[in-house]
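User: Can you walk me through this one? I'd like charges and rings.
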Amino acid sequence: MRLIQKWLRAGVLEDGEVAESEDGIQQGASASPLLANVYLHYVYDLWVQWWRRNRAQGDMFVVRFADDTVVGFQYKSDADQFLTDLKERFLKFGLELHPEKTRLILFGRYAAQRRQERNEGKPESFKFLGLTHSCGKSRNGKFMIIRHTIKKRMRAKVQEVKEELRYRMHAPIKETGKWLASVLVGHYRYYGVSCNFRAMEQFRYQVYCAWRHALNRRSQKARITWDKLNKIIDRWLPKPRIYHEHPMVRFMRSHPR
C-alpha cells in the first residue's frame with residue numbers, strides 16, 4: 001500500500017516540469033490499468049458472478065478486458081434488469097457507463113430471423129478489442145460470428161507506418177524491411193482470426209503502397225523498377241496468416257486424457 005501511495009503521488013513530468021496529481025491517476029500512467037483491473041475485479045467481476053447465480057433467469061456470459069466488457073443474455077428481460085442494476089452498482093463506487101458506447105442489441109443465432117420478422121433489417125454489429133463482430137453464416141449455412149478489423153483502427157495504424165517511413169526514408173532497405181516485417185507479423189498475430197483474412201490482406205497492401213511511395217522518394221532521378229520492388233516486397237513483407245482458430249473449434253477440443 002505504501003508503494004502504491006508513492007506511485008500515485010509521484011506526479012507526471014511534462015516539458016521538464018513535474019506536475020503533481022492531487023486526485024486520481026494521470027491518463028497514460030502505468031499504474032492506471034493495473035489499479036483499474038484490481039478495482040473492477042471487486043466492483044464488477046465478483047458482483048457479476050453473484051448476479052448470474054442469483055438474478056439471471058437464463059444463460060448468461062461475461063467477457064471483460066480492462067474497462068471494456070460484453071455481456072450476453074438468453075432473455076431480454078435479464079439484459080434490461082442487468083443494465084439497470086449495473087448502473088446502480090457503479091454509482092456506489094463513483095463509476096458510470098459510457099452513454100454512447102453502452103447499448104443493448106439483438107445478437108446471436110436467431111437475431112437475423114427475429115429482426116426480419118419485425119422488419120428491422122440485418123442484425124446490429126458491435127466493436128470489441130479492435131474487431132467488429134457481426135452475425136453471419138458459414139459455408140454450410142450455420143450461424144457464426146464474423147470478425148473484421150475495425151476500419152478506423154486500420155487507418156490509424158497505416159498512418160503511423162507512413163509517418164515512421166518518412167523518418168526511415170534514407171535508411172537501408174534491409175533495416176526498414178525488418179521493421180515492417182515485425183509490424184506486419186504483430187498485426188497478423190493479433191488480428192489473425194477466422195473470417196478476417198481480407199482485412200489483413202488490405203493492411204499489407206496499404207503498407208506496401210506506403211513503402212513503395214517512400215522508396216520512390218529516395219531519389220528524384222530514377223524510380224525503383226517494378227521487378228526490384230516486387231523482390232523487395234516478397235522478401236520483407238510476410239503474407240497474412242490466420243493464427244487464431246474460430247472459438248467454436250477451440251471450445252470443442254478435448255484433452256488427450
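User: What about E124, how exposed is that residue?
Analyst: This is a predicted model. E124 has a relative accessible area of 33%, so E124 is partly exposed.

User: Which side chain does E124 meet in a salt bridge?
Analyst: R103. The N to O distance is 3.1 Å.

User: Where do the two sit?
Analyst: Both are in loops. E124 lies between α4 (111-117) and β5, and R103 lies between α3 (76-91) and α4. The pair therefore ties together parts that are 21 residues apart in sequence.

User: And R103, buried or exposed or in between?
Analyst: Partly exposed, at 43% relative accessibility.

User: Which residues make up the network around that pair?
Analyst: R103, R115, E120 and E124. Salt bridges with shared partners join them into one network.

User: How many salt bridges are there in the whole structure?
Analyst: Nine. One of them is between D45 and R64. Their side chains meet at 2.8 Å, N to O.

User: Where do D45 and R64 sit in the chain?
Analyst: D45 is in helix α2 (residues 31-54) and R64 is in strand β3 (residues 60-65). They are 19 residues apart, and the pair links distant parts of the chain.

User: How covered are they? Start with D45, buried or exposed?
Analyst: D45 is buried, because its relative accessible area of 18% falls under the 20% cut-off. R64 is partly exposed, with 23%.

User: What is the N to O distance for E164 and R168?
Analyst: 2.9 Å. Their side chains meet in a salt bridge. E164 counts as partly exposed, at 27% relative accessibility.

User: Switching to the surface. Which residues form the positive patch?
Analyst: K101, K127, K151, K152, R153 and R155.

User: Which helix gives the largest share of the positive patch?
Analyst: Helix α5 (residues 151-167), with four residues.

User: And K127, which strand is that in?
Analyst: Strand β5 (residues 126-128). K127 has 60% relative accessibility. That is over 50%, so K127 counts as exposed.

User: On to rings. How many aromatic pairs does the structure hold?
Analyst: Nine. Y190 and Y191 are one pair, with ring centres 4.8 Å apart and planes at 75°.

User: Why is the pair of Y190 and Y191 called edge-to-face?
Analyst: The angle decides. Planes over 60 degrees apart count as edge-to-face, and the planes of Y190 and Y191 are at 75°, so the pair is edge-to-face.

User: How exposed is each? Y190 to begin with.
Analyst: Y190 is partly exposed, with a relative accessible area of 42%. Y191 is buried, with 11%.

User: What sort of pair do Y205 and Y208 form?
Analyst: A tilted one. The distance is 5.8 Å centre to centre, with 40° between the planes.

User: Where are Y205 and Y208?
Analyst: In helix α7 (residues 197-216). They are three residues apart there, so about one helical turn separates them.

User: What is the relative accessibility of Y205?
Analyst: 44%, so Y205 counts as partly exposed. Y208 is buried, with a relative accessible area of 13%.

User: Last one. Which residues do ring pairs link into a cluster?
Analyst: W47, W51, F73 and F82.

Methods. Residues are numbered from 1 along each chain as its sequence is written. This is a predicted model: local features need pLDDT of at least 70, side-chain atom pairs count only at pLDDT 80 or more; totals for chains, interfaces and linings use all residues. Side-chain values use heavy atoms; hydrogens and water are left out. Patches are made of residues with over 30% relative accessible area and no salt bridge: like charges are joined within 9 Å, nonpolar side chains (Val, Leu, Ile, Met, Phe, Trp, Tyr) within 5 Å. Accessible areas come from the Shrake-Rupley method with a 1.4 Å probe; for residues, only the protein chains shown count as cover. A salt bridge is a side-chain nitrogen of Lys or Arg within 4 Å of a carboxyl oxygen of Asp or Glu. Lys and Arg count as positive and Asp and Glu as negative; His and the chain ends are not counted. The place of a charge is taken as NZ of Lys, CZ of Arg, CG of Asp or CD of Glu. Buried means under 20% relative accessible area, exposed over 50%, partly exposed in between (1.4 Å probe, protein chains only). Rings of Phe, Tyr and Trp (its six-membered ring) pair if their centres lie within 6.5 Å; planes under 30 degrees apart count as stacked, over 60 as edge-to-face and the rest as tilted.
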